[in-house]
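Here are some exercises to work through at your own pace, each with a solution that goes step by step. Have a look at the chain below before you begin.

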Amino acid sequence: MDPESGVYQSCVKKESWRTMMTLAYQSLGVVYGDLSISPLYVYKNTFAEDIEHSETNEEIFGVLSFVFWTLTLIPLLKYVFVVLRADDNGEGGTFALYSLLCRHANVNPLPSFQSADEDLCSYKKDISCPAPSTFGARLKSSLEKRRVLQRFLHVLALLGASMVIGDGILTPAVSVFSAVSGLGLAMEREHHKYVEIPVACVVLIALFALQHYGTHRVGIFFAPVVITWLLCISCIGIYNIFHWNPHVYQALSPHYMYTFLKKTQGGGWMSLGGILLCITGSEAMFADLGHFSQSSIKIAFTSIVYPSLVLAYMGQAAYLSKHHVIENDYRIGFYVSVPEKLRWPVLVIAILASVVGSQAIITGTFSIIKQCSAFGCFPKVKIVHTSSKIHGQIYIPEVNWILMLLCLAVTLGFRDIKSLGNASGLAVITVMLVTTCLMSLVIVLCWRQNVVLAVCFVLFFGTLESLYFCASLVKFLEGAWVPVAISFIFMIVMCVWHYGTLKKYEYDVENKVSVDWLLELGPSLGIVRVKGIGVIYTELVSGIPAIFSHFVTNLPAFHQVLVFLCVKSIPIPHVKHEERFLVGRIGPREYRTYRCIVRYGYRDAHKDDIQFENDLVCSIAEYIRTGKRNLNEPGKDSWKQNEKMVVVGTRSNHADSIQQREENGADPEKASTSELRETQSPPPVKPRKQVKFVIPGSPDTDKGAYEELRDLMEAREAGIAYIMGHSYVRTKQGSSWMKKMAINFGYEFLRRNSRASTCALSVPHATTLEVGMMYNI
């Protein structure tokens, strides 16, 4: 299955019981790795300094009650029963909600958006305008008219994305460090710290070094590891409950939360930052929705993950309720409640589970950066799709090594689970708050529900999450500043890149060359036409880019067939193959000049250069064959009737369309009768590859179309050259100092240190010509 098409997703949505249970099993390894390892560090972070472990057990039972109800209200009630229903054509995550809101409110987040994009079958799926008198209609109108609200919505989505990136740095550190902390129970107090940190760093380096192999290569081991871990902690929890305190279930009553806060007061308030860690990884249920289905994720959580976590926390509380003497700083952690004979096997399983959980959040970080890049909010990076079946499994080399360095830096810098937990907790709860805010808008704009329901949702969950957010923010100087600093840096990067990209596009629009200028050059364009196809990359969806006139001025010769190619993203997850290409003609037929717009969703994979070339040429050929027939009619402006773009799609989705074949030089006399309708170039003197267009018989195909197809085929056989612009951006004189800082220093620094367009678009370097041009914006 093609990773870009979303075929995998559409297949898994056909949920038989067997398919649903298989997906539920697979989701355990991909979705719930991070959430499942939270028992390693929740109690240790909670009882670090803020509250004491007294013999009355009020603190232990209060923490258990908080953990139980937090797990019940946020992952179970909020995500499983509400948020999972807010999918964007099967996709989830912060940008999926943002994309959904942009389409329902007709807010275009991309400057290259055009009305033809709204005709995509999945663009307006289930979209209907709210009644004019409702609050939803007024809110929709306000979003469409007020630029400030649009920018606020955009910044809110970027905030959630930057915090996800911060979580991708902190979660591997706290997970792996907590897992290896079990070594302290088997070593002397003065020596174990010298072992834990090196072991944690080695595991982290190995984890990031293996990312380029892709999740699918080791994914077969993920689900068994997580299932073994959940079975292990649930069995240990049951043992501790019956062996130490069978009455610990009474602590599930909300009354113990009140008793806990009443006794601990300020210390109990600050300890909520540790309790918050029990829901680390809950956002993955929504973010990874595109790989699975709602039913499979719900079944896996409610039947396995949720009961196992509750039993694990109850077991730890039962053990601690009978052990009040804390000899060492690690005696309050997870491993102390594990029977001594099982500690080494559990330690190994815990390290493996922490690697699986870290793998999930790292992959999620790659996905969110890809989505940001598709929306023009992140510098160009090389995206490697590591799986041919699951479109969401990607690898970004430069981001991977940056994450590794930052992850090692915070591990070596803090060397303390408490500080790492404070940092991770703030990142997690911020993402959840952003999701809550966006969901309240989805309830009104997308689901068209009463505003009272949205207010109740944001008040209930927003208040609960704000409670944890404030408790985490209190620990700002004790580690919580790290996600703030990381997210601030990434926010600056994304905002500067988006601003520079937007201004650059506006400059292209203002300085584009009209089609009339092209026509004034005459049928031969006034210059030498050499054999081959010239593909001119542009971000414009109409008009001729200024880079082309710059090229013609300096080099008055180019290819016999010109294609102005625009590769752009659409605010939907996937664009179907049959709607991928939008093709039109520039000028009269004899000019052999075309415009092609290639549309991708924010979750689609860009094809490699060979397959893309074939699809591009065949789409143009199919446009020629099935295009309008009035091109030869008299009249000066008859070509203008063909300015309208036509959806052609790719050749793989049209069995009766033109197909392209490459063969070694062959004798045309030996062609079979079935190939007589094939248009091919004259055989060369020396044997070489020939390009054939297999044209289905059609009485509507006129002679002019055949001649145009022959020219296209000959040009394809001669080869394809790519002409790309290499821009240098500077601000105009008199610009504000802030604009100069953003463009001259910020944007230019990011442009110089990001991937070139040839890498980001998989353009072959051997046939690429870059034309430099200065942009004064």
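**Exercise 1. Find how many bridges join E11 to E12, and place these strands in their sheet.**

Step 1. Strands E11 and E12 run parallel and are joined by 9 bridges. Strands here are DSSP runs of E with at least two residues, helices are runs of H or I with at least four residues, and both are numbered from the N terminus. Two strands count as paired if DSSP finds at least two bridges between them.

Step 2. Look for a facing pair: Met-724 stands opposite Glu-770 in E12.

Step 3. Now turn to E3 (residues 528–537), which pairs with E11 (residues 720–730) in the parallel sense over 4 bridges. Here Val-535 stands opposite Tyr-722 in E11.

Step 4. Put the strands together: an open sheet of 7 strands has the order E7-E5-E6-E4-E3-E11-E12, and its pairing is mixed. Its edge strands are E7 (646–647) and E12 (768–776), each of which pairs on one side only.

A word on the model: it is predicted, so local features need pLDDT of at least 70 and side-chain atom pairs count only at pLDDT 80 or more, while totals for chains, interfaces and linings use all residues. Residues are numbered from 1 along each chain as its sequence is written, and side-chain values use heavy atoms, with hydrogens and water left out.

**Exercise 2. Work out which strands helix H19 and helix H23 lie across.**

Step 1. Helix H19 (residues 481–510) lies across E11 and E12, and runs at about 95 degrees to E12. Contact means heavy atoms within 4.5 Å. Axes are lines fitted to C-alpha atoms, for helices over the stretch in contact, and angles between N-to-C directions run from 0 to 180 degrees.

Step 2. Helix H23 (residues 703–718) lies across E3, E4 (557–570), E5 (581–585), E6 (593–601) and E11. The angle between H23 and E3 is about 80 degrees.

**Exercise 3. Trace the salt bridges: which parts of the chain does each one link?**

Step 1. Recall the idea: side chains of opposite charge can pair when their charged atoms come close. The rule asks for a side-chain nitrogen of Lys or Arg within 4 Å of a carboxyl oxygen of Asp or Glu. By this rule the count comes to 17 salt bridges.

Step 2. Take Arg-603 and Glu-91, whose closest N and O atoms are 3.0 Å apart. Arg-603 lies in the loop between E6 and helix H22 (609–626), and Glu-91 in the loop between helix H5 (58–81) and helix H6 (94–104), so this pair ties together parts that are 512 residues apart in sequence. Both Arg-603 and Glu-91 are buried; buried means under 20% relative accessible area, exposed over 50%, and partly exposed in between (1.4 Å probe, protein chains only).

Step 3. Next, Glu-708 and Arg-585 meet in a salt bridge of 2.8 Å, N to O. Glu-708 is in helix H23 and Arg-585 in strand E5, 123 residues apart, so the pair links distant parts of the chain. Glu-708 and Arg-585 are both buried.

Step 4. Finally, the side chains of Arg-752 and Glu-748 form a salt bridge (4.0 Å, N to O). Both lie in helix H24 (residues 737–753), 4 residues apart, about one turn of the helix. Arg-752 counts as exposed, because its relative accessibility is 51%, whereas Glu-748 is buried at 1%. Arg-730, Glu-748, Arg-751 and Arg-752 are linked in a network of salt bridges.

**Exercise 4. Is Trp-447 buried, partly exposed or exposed, and which residues does it touch?**

Step 1. Trp-447 lies in the loop between helix H17 (417–445) and helix H18 (451–473).

Step 2. With a relative accessible area of 21%, Trp-447 is partly exposed.

Step 3. Leaving out residues up to four places away in sequence, Trp-447 touches Val-82, Arg-85, Ala-86, Met-439 and Val-442.

Step 4. The C-alpha atoms of Trp-447 and His-104 are separated by 10.0 Å, and these residues are 343 apart along the chain.

**Exercise 5. Describe the chain as a whole.**

Step 1. The chain has 25 helices and 12 strands.

Step 2. Of its 777 residues, 58% are buried.
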